[in-house]
Amino acid sequence: MSLQKTSLRSLEYLLTFLLIITLNFALPRLMPGDPFLHLSGEAGEIVEGYTDQQRKYFLEYYGLNRPVTEQYWRYLSEVARGNLGFSYYYKEPVLVIIARRLPWTLFLVATATVLSLIFGILLGSYSAWRRGYWQDKMLYLIMVVFGEIPAFLIGLALLILLAAGIGLFPLAGAITHFARYTSSWDRIKDILHHAALPALTLSLTRTSGIYLLVRNSLGTILARDYMRTARAKGLAEPRIRYRHALRNALLPLVTRVALQMGAMVGGAVLVENVFVYPGLGRLMRDAVLVRDYPLLQGIFLVLAISVMGTNYLADLLYRYLDPRTRTTDVMNACGRGTYGKTEPSGL
Amino acid sequence: MEKPSLLGCNAVIRYIKGVWGQLGLFGKISLIILLNLVLMAVFAPYLTRHPHHVSSGPPLVPPGAGHLLGTDDLGVDLWSMICFGARVSLMVGLFTALLAGLGGGIAGIIAAYRGGWPDRVLMRIVDIMVVLPDLPVMIVLAVFFGSSLHNIIIVLALFSWSMPARLIRSQALALKEQAYIKIAAHYGAGMGHLFFRHFLPELFPLMMVSMIRLAGMAIVTEASLSFLGLGDPTSRSWGLIINHAVSFRGIYFTPFWKWWLVYPWIFLTLLVSSLALLGRDLEGIADPRIMK
């Protein structure tokens, strides 16, 4: 049973993966217009026409005169070998450019994930202990609003207040240009200083989902019988709170974090553009501006695969962590997709 | 809770009054803000003195008597742009919510009622949609198919119907087990009758609530896409104003951001957060099981 479920999920991920690749393959072919108009094209340049002979030559050269199925197969094998195409703006293989930018985005997303977990768990458990009091109500309200405001608006506010207003943080970039560092510590400090606002912004937008989950699941756990038992045993309050209650409430967070990854990546794209942070999101915008299609598709593929990969790992991890779910569907247990108001996994 | 009758006007008014009474303080404030923004969008031509698409004065004038909220780098009046921009945001929200909310809701009801393979297929698709990173997908689609307003609405609807579908399906599943629906089916009620007489009226409040949330998300996403420079260039949405302001070189070293950036920011934040708060409040009313 369990094995069947796992393989079913794997199959689903494989399907999603194929869907994304197929989308990537199909998009340029569905796009209106002639690919050869874009071939020699930076914006504003005069595009020269091709003679029929040249067109035929290029069609042959790019394999566009072959049947679609064959093109599709070739595309799949190229992607499998890590060839994502050649960027015609940067004049470099797409994979090389992405590899250069990816660490910045990873750094940002990882920091923001950790920060939002910390904020979310702290505030969520505080709210759950104070359920019904004004502190809980205020926090809940703030979090509901924060969860809806898009990352770039929060980022702009922070940028205006903290960077442009009082000059506490740099306005843009990930490191000071042309800086000479006396030690590697200085360098790390500079990088952290630049990453502070983007990471804070991104984590603020994602805190609310985690907050709501912790608040709700802790709320139901606090009403359980074993909490009363623990109290009756005369256990110290912190022990009850952290060892008995919080530990059980944290389990659904594994899937939650993974499910948020898609939104997190979307948020990162926006935040990087607010703070001109040199990650994949900024690169994506640049690719959009110069209409560098291969680069854009490469970034999209890498982002989509990372998000899916995280989800897959979280699925496996959850199964490992919670033996109760080995026979039930993880996703149903966590009430995914019901607008953040998650039903805690009351199995 | 009372069901809305589509015929009786009095019943509708009573219904609205009932909902208003149940709203919390923030829900009421949000509703008032929203109504004001809607009025602003509807009466935009009467509220503005300057055109919203062409220059009407010197560039980068600070807010003052001539230009209520100042002008941008081309001398276009900011207040006019914001008034007309409200139309874009609200239209995107409205149409996406209608498309995705009705489409997703109907798909959810059918899947729940039919069960079997339509249900399985739908749920698999929903699962796939949840894992896809929305924004990057939409960026790619907008780049390839062009970012006209109706393209954006279609793309937004395509990527947001899965949430209402899931929500409505789970509610419809519970409803299906209710005795009165089973009895109606026993008496020979067809799919169509059950759908229009029982499922739709019962689930309509929930659908409305998800539509409000969908509208919020659509507005946010449209603004995000515009902010990245992928908005419809012919329609000056709020996101696009922000995009232009941010693209202005060295704007943070000038005082221009104090109006050019701040005002569209305020309006967008107001709209989005009041939709969110109203949605939360209505969610509690439509579905009392949600803990407050």
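Let's start with the contacts of A:Asn273. Leaving out residues up to four places away in sequence, A:Asn273 touches A:Gly281, A:Arg282 and A:Arg285. It also touches B:Phe227 and B:Leu228. So where does A:Asn273 sit, by the cut-off for burial? A:Asn273 has 3% relative accessibility, and buried means under 20%, so A:Asn273 counts as buried. Its place is in helix α11 of chain A, residues 253-274.

Keep in mind that this is a predicted model. The scores are ipTM 0.81 and pTM 0.82. For chain B, the mean pLDDT is 83. In that chain, 95% of the residues reach 70 or more. Why look at such numbers? Where pLDDT is low, the predicted coordinates should not be read in detail.

Now the aromatic rings. How many aromatic pairs does the structure hold over all chains? The count is 13. One of them is A:Tyr293 with B:Phe144. Their centres are 4.9 Å apart, with 35° between the planes. That pair is tilted. Which parts does it join? A:Tyr293 lies in helix α13 of chain A, residues 293-321. B:Phe144 lies in helix α6 of chain B, residues 134-145. The partners sit in two chains, so the pair joins them.

Are these two residues buried or exposed? A:Tyr293 counts as buried, at 10% relative accessibility. B:Phe144 is buried too, with a relative accessible area of 3%.

Next, a pair within chain B: B:Tyr113 and B:Phe199. The ring centres are 5.7 Å apart. The planes meet at 70°, and over 60 counts as edge-to-face, so this pair is edge-to-face. B:Tyr113 is in helix α4, residues 78-114. B:Phe199 is in helix α10, residues 191-227. The pair therefore ties together parts that are 86 residues apart in sequence.

What about exposure here? B:Tyr113 is partly exposed, with a relative accessible area of 23%. B:Phe199 is buried, at 2%.

Back to chain A. Which residues form one aromatic cluster with A:Phe25? They are A:Tyr72 and A:Tyr75.

Last topic: charges over rings. The charged end of A:Arg130 sits over the ring of A:Tyr133. The distance to the ring centre is 4.8 Å. And which ring lies under the charged end of A:Arg241? That is the ring of A:Trp129, with its centre 4.6 Å away.

Methods:
Residues are numbered from 1 along each chain as its sequence is written. Chains are lettered from A and ligands numbered from 1 in the order in which they are written. This is a predicted model: local features need pLDDT of at least 70, side-chain atom pairs count only at pLDDT 80 or more; totals for chains, interfaces and linings use all residues. Side-chain values use heavy atoms; hydrogens and water are left out. Rings of Phe, Tyr and Trp (its six-membered ring) pair if their centres lie within 6.5 Å; planes under 30 degrees apart count as stacked, over 60 as edge-to-face and the rest as tilted. Helices (H or I, at least four residues) and strands (E, at least two) are DSSP runs, numbered from the N terminus. Buried means under 20% relative accessible area, exposed over 50%, partly exposed in between (1.4 Å probe, protein chains only). A charge sits over a ring if NZ of Lys or CZ of Arg is within 6 Å of the ring centre and within 35 degrees of the ring normal. Contact means heavy atoms within 4.5 Å. pLDDT is the predictor's confidence in each residue, from 0 to 100.
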